[in-house]
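Trainee: I have the model open and would like to go through its contacts with you. Could you show me how each label is earned?

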There are 2 protein chains.
Amino acid sequence: MNNWVGMTEEQAGIVQKARKRVIESIGKNMDLYGVTLSTGHLYGMMFFQDKPMTLDEMGEEMGMSKTSMSTGVRTLTDLKMVHKVWEKGMRKDLYEVEPDWYQTFADFFVIKWQKSIEMNVQALRKSLVELRRLAEEDPGNEALQKVVATDTRKLEEAIRYYLWLGRLIDTFESGEIFKLVPKEEPPADSH
Amino acid sequence: MNNWVGMTEEQAGIVQKARKRVIESIGKNMDLYGVTLSTGHLYGMMFFQDKPMTLDEMGEEMGMSKTSMSTGVRTLTDLKMVHKVWEKGMRKDLYEVEPDWYQTFADFFVIKWQKSIEMNVQALRKSLVELRRLAEEDPGNEALQKVVATDTRKLEEAIRYYLWLGRLIDTFESGEIFKLVPKEEPPADSH
DNA sequence: TCGTACGTACAGAAAAAACTTTACAAACGT
DNA sequence: ACGTTTGTAAAGTTTTTTCTGTACGTACGA
């Protein structure tokens, strides 16, 4: 994993242990991003790598098959947590961790949540149209009117929520979120 | 699932189809919250229920065992997406969907992400301390100093990110997020 | 053009998760 | 106090997912 030359066995061990703790913590918590434990572990491992890695190197480091590395890296690149690096005269693909975690977080929402929002809004709108038409066709039917009114209200409320969620994620995409919640903690107001 | 009395077979079918589309869309996208498809489906079904449900009713409606309903509801209540309702003279537990989806969204982050942040920051801080001590103990060792400096920088950067993420989620918890990104779309600025 | 190396699709094996059945403890009504 | 009913724990089954090994298409170098 590294060049431990120039350090004692003990020193190298301490560094490795410190890294391992972080790697496992990151890996364990990456299920929030919908990735498996081992893919999270792969990400954590790559985080400490100072240069881009090949699939073979990852497999060696993780003690897993190259195929697994391929699928793991694919997942991570789809989420823009890892990206491919070009190096002249290098036949193998090289990958490295995207170092800007703020951007990684934002990208995750834009990629995953935005799509989810679109799907849900589409379904909601379609059902809403159907229900409204149904109500129009039989205005005298009180039972029908009541059911449709209840459902319609729920769907409209849900759409409003998703629109808000979309606007929130827009602030991630545009970077405006960092004006609203600054990266640097603002100094305490002294009064 | 409902009282279809007073409606024709066809009308009831249209309403059911409209609901089904929404239920499945919601269910499918709830993997973002880390719940299974069927639990998401359960949630979607309960969303259209106008009164609190018992486990038996859920089982009937979902065509699944009561035990599954029990665990599903447990998952949803832990996420505060569903809550228990008390009704006098009722032996069975009653549950209903939390209707405020903005709050549900916020709760999810406070519950899941906040914990993840705490765990990661703790691991990062611990490793950071160990590395700093290690560097202090052998200031002349250039190889060691270099490795530790690199890792230390990464860990510090990661902690800064998590602190930001924590502040972001604080705005969810306090409701301040709704001042930053209003629920109502602000009217277009006319200039 | 041929041969070799690389990444991944595919099929099968292993592991994990979801779901059901059974069993039981707690709570309630009589 | 007793008999029911309710919710869930535990064990077992089924389904799904993850991981490996093999096979193959593609691209590059000679």
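Mentor: Happily! Across the interface of chain A and chain B the rule finds six salt bridges. This is a predicted model, where local features need pLDDT of at least 70 and side-chain atom pairs pLDDT 80 or more, while totals for chains, interfaces and linings use all residues. Residues are numbered from 1 along each chain as its sequence is written, chains are lettered from A and ligands numbered from 1 in the order written, and side-chain values use heavy atoms, leaving out hydrogens and water.

Trainee: Why is the pair Asp151(A) and Arg19(B) called a salt bridge?

Mentor: The term asks for a side-chain nitrogen of Lys or Arg within 4 Å of a carboxyl oxygen of Asp or Glu. The closest N and O atoms of Asp151(A) and Arg19(B) are 2.7 Å apart, so the pair meets the 4 Å limit.

Trainee: What makes Ser38(A) a polar contact of DNA strand D?

Mentor: A polar contact is a pair of N or O atoms within 3.5 Å; within protein, one must be able to donate a hydrogen and the other to accept it, and residues adjacent in sequence count only if both atoms are side-chain atoms. A polar side-chain atom of Ser38(A) lies 2.7 Å from a phosphate oxygen of the strand, so the 3.5 Å limit is met.

Trainee: And which part of Asp93(B) approaches a phosphate oxygen of DNA strand D?

Mentor: There, a backbone N or O atom lies 2.6 Å from the phosphate oxygen. For Ser68(A), a side-chain N or O atom is 2.6 Å from a phosphate oxygen of DNA strand D.
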